[in-house]
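Please open the model in your viewer and keep the sequence panel beside it. The tour below moves from one selection to the next, and says at each stop what is to be found there.

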Amino acid sequence: MNKMIHGKTLEEWLAMYPMLEEVIDAKEVFWNNPSYTSYQEAIQNIRISEDEVRDAAARLERFAPYLMEAFPETSKNRGVIESPLIEVPSMHADLNNSYKAQLTGKLLLKCDNQLAISGSIKARGGIYEVLKHSETLAIENYLLTLEDDYAMMNSDRFREFYSQYSIAVGSTGNLGLSIGIMGAQIGFQVFVHMSADAKQWKKDLLRDKGVTVIEYDADYSQAVAAGRKQAESNAKMFFIDDENSKDLFLGYAVAAYRLQEQLKDKGYLVDHDHPLFAYLPCGVGGGPGGIAFGLKLIFGDDVHCFFAEPTHSPCMLLGLLTGLHEQVSVQDFNLDNITAADGLAVGRPSGFIGRTLEQMISGVYTVTDEKLFLLLKKLVDTENISLEPSALTGLAGPTMLLRSKMGQEYIAQHNLQEKMHQAIHLPWATGGNMVPFEVMEEYYTNASKIQRKLNFKRDDSTSDSNEKQCSVKAKYYIMVLFNGGAL
Ligand SMILES: *Cc1c(COP(=O)(O)O)cnc(C)c1O
């Protein structure tokens with residue numbers, strides 16, 4: 001009997017969505033979202049308002065004096081945790097040479113790998129939610145007013161107050177780092193429930209900071225469930241819900257205002273004739289979702305947001321494509337959710353994000369681990385920038401858009417052909433600076449091995465490809481003969 005997947009056989013699913021075949025085979029795909037619609041229409045169906053994002057931005061401003069005191073590294077940016085926006089011309093040239101990307105316009109990189117405190121995109125949402133929670137508690141207990149100088153929170157009096165409260169979170173690593181470092185600094189007891197993908201150095205670093213790390217031999221969804229359960233029975237424990245949190249979302253969304261300023265300062269234009277393409281690495285969806293929402297608020301139809309996932313963990317793609325959102329997991333379609341992109345090793349997407357952004361996301365594409373490593377090496381070689389594997393999914397975006405059939409269709413559907421030479425392509429570099437040197441070296445060595453193997457294969461196939469084809473043909477005939485004989 002055929003196994004049922006959410007009420008349908010695999011054959012029925014494939015008949016409805018032929019692209020699923022490649023997704024299930026862990027091949028790279030570019031999916032053009034059929035529900036994508038104009039900003040004016042999409043925003044009608046979203047219950048999160050611009051005021052809420054502005055409120056989050058204002059809260060982060062209130063905390064700037066505290067952050068300057070508690071994390072002196074943030075003082076050069078006056079307590080604002082923000083990353084550089086840079087041009088990467090050598091990488092741009094290399095994409096055109098190595099991948100025949102035919103990439104015109106500008107290639108910019110948003111360097112969240114350099115974000116202060118935790119070196120990844122999670123320094124946005126994760127830190128924001130911890131700060132908001134600490135503000136709420138302090139105000140409720142008459143320790144703080146909105147008019148105070150928040151620098152006073154960096155004191156034993158406040159740390160003692162916060163020590164009676166705790167925070168729990170489930171993570172593949174980076175969210176745990178952000179919540180753990182920030183939460184422990186404020187004075188909370190922090191419990192991080194880590195999935196099996198989490199890297200050892202991330203656990204060690206957190207334990208050094210006095211965070212309790214609980215390890216699971218299971219994937220991210222189960223680590224999150226464990227955190228949720230722990231907090232249920234404890235009124236003084238706050239659970240940070242990566243799958244459903246509006247506060248995380250708002251913290252991420254603030255990035256868009258900062259980017260708008262940076263683009264303006266550097267003289268880059270985004271408008272009807274100068275489209276912006278954002279390529280956002282996606283795990284459960286909160287980070288890329290929040291940022292995409294912020295970008296849409298500001299640039300409307302002039303920005304095109306694509307989510308990027310590993311071929312072995314395309315959870316958001318499956319959620320959006322099937323419309324099943326958090327009901328579906330990559331395991332349902334026999335994918336293993338095993339990838340070197342540990343930050344994106346998520347098997348089940350956030351339904352909150354999928355439903356909220358259903359009409360705002362232009363599409364989703366997937367990238368093999370092999371390509372992530374090749375891009376990792378290229379970016380080091382051309383620009384001397386080291387990112388963690390997850391972050392490289394973004395950099396695969398321009399080539400996927402320009403060189404895939406579906407990408408070309410997207411460009412044509414939205415009449416973008418004539419504008420591509422003045423477009424901005426913006427891969428979001430979501431992490432890397434916290435990775436220890438030895439681990440980064442291992443990534444690089446692995447990339448070199450993959451590169452050599454590919455070169456070898458290429459040489460091999462060009463030198464005796466004729467011979468090989470012959471032998472394949474011969475085998476085929478033998479097979480036919482035998483089968484025919486048996487019949
Ligand atoms: C968490 C993470 C992402 C994606 O964020 P989600 O909210 O999980 O979708 C991307 N890149 C890196 C490096 C991450 O750690």
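Begin by selecting Met182, which touches Tyr66, Leu67, Phe71, Ile117, Ile127, Val130 and Leu131 when residues up to four places away in sequence are not counted, contact meaning heavy atoms within 4.5 Å. This is a predicted model, in which local features need pLDDT of at least 70 and side-chain atom pairs count only at pLDDT 80 or more, whereas totals for chains, interfaces and linings use all residues. Residues are numbered from 1 along each chain as its sequence is written, and side-chain values use heavy atoms, with hydrogens and water left out.

Now add Tyr66 and Phe293 to the selection: together with Met182, these residues touch the most other members of the largest nonpolar core, which has 164 residues. Such a core is a set of buried Ala, Val, Leu, Ile, Met, Phe, Trp, Tyr and Cys residues joined through side-chain atoms within 4.5 Å, where buried means under 20% relative accessible area, exposed over 50% and partly exposed in between, with a 1.4 Å probe and protein chains only. Helix H4 (residues 50-70) gives the most to this core, namely eight residues; helices (H or I, at least four residues) and strands (E, at least two) are DSSP runs numbered from the N terminus.

Tyr66 also leads to the next stop, Asn154, whose contacts are Tyr66, Glu69, Ala70, Arg159 and Gln185, again leaving out residues up to four places away in sequence. Asn154 lies in the loop between helix H6 (122-140) and helix H7 (156-162), and because its relative accessibility is 22%, Asn154 counts as partly exposed. Draw a distance from its C-alpha atom to that of Gly187, 33 residues apart along the chain, and the separation is 9.3 Å.

Is the next residue, Ser195, buried or exposed? With 1% relative accessibility, Ser195 counts as buried, and its place is the loop between strand S7 (189-194) and helix H9 (200-208). Residues up to four places away in sequence aside, Ser195 touches Ser171, Thr172, Tyr216, Ala218, Asp219, Tyr220 and Ala223.

Finally, select helix H12 (residues 255-265) and helix H13 (residues 286-299), whose axes come within 8 Å and cross at roughly 50°. Ala255, Ala256, Tyr257, Leu259, Gln260 and Leu263 in H12 meet Ile291, Gly294, Leu295, Leu297, Ile298 and Phe299 in H13. By class, this contact of H12 with H13 has ten nonpolar, two polar and no charged residues.

How values were computed
Axes are lines fitted to C-alpha atoms, for helices over the stretch in contact, and angles run from 0 to 180 degrees between N-to-C directions. Ala, Val, Leu, Ile, Met, Phe, Trp, Tyr, Cys and Pro count as nonpolar, Asp, Glu, Lys and Arg as charged, and the others, Gly among them, as polar.
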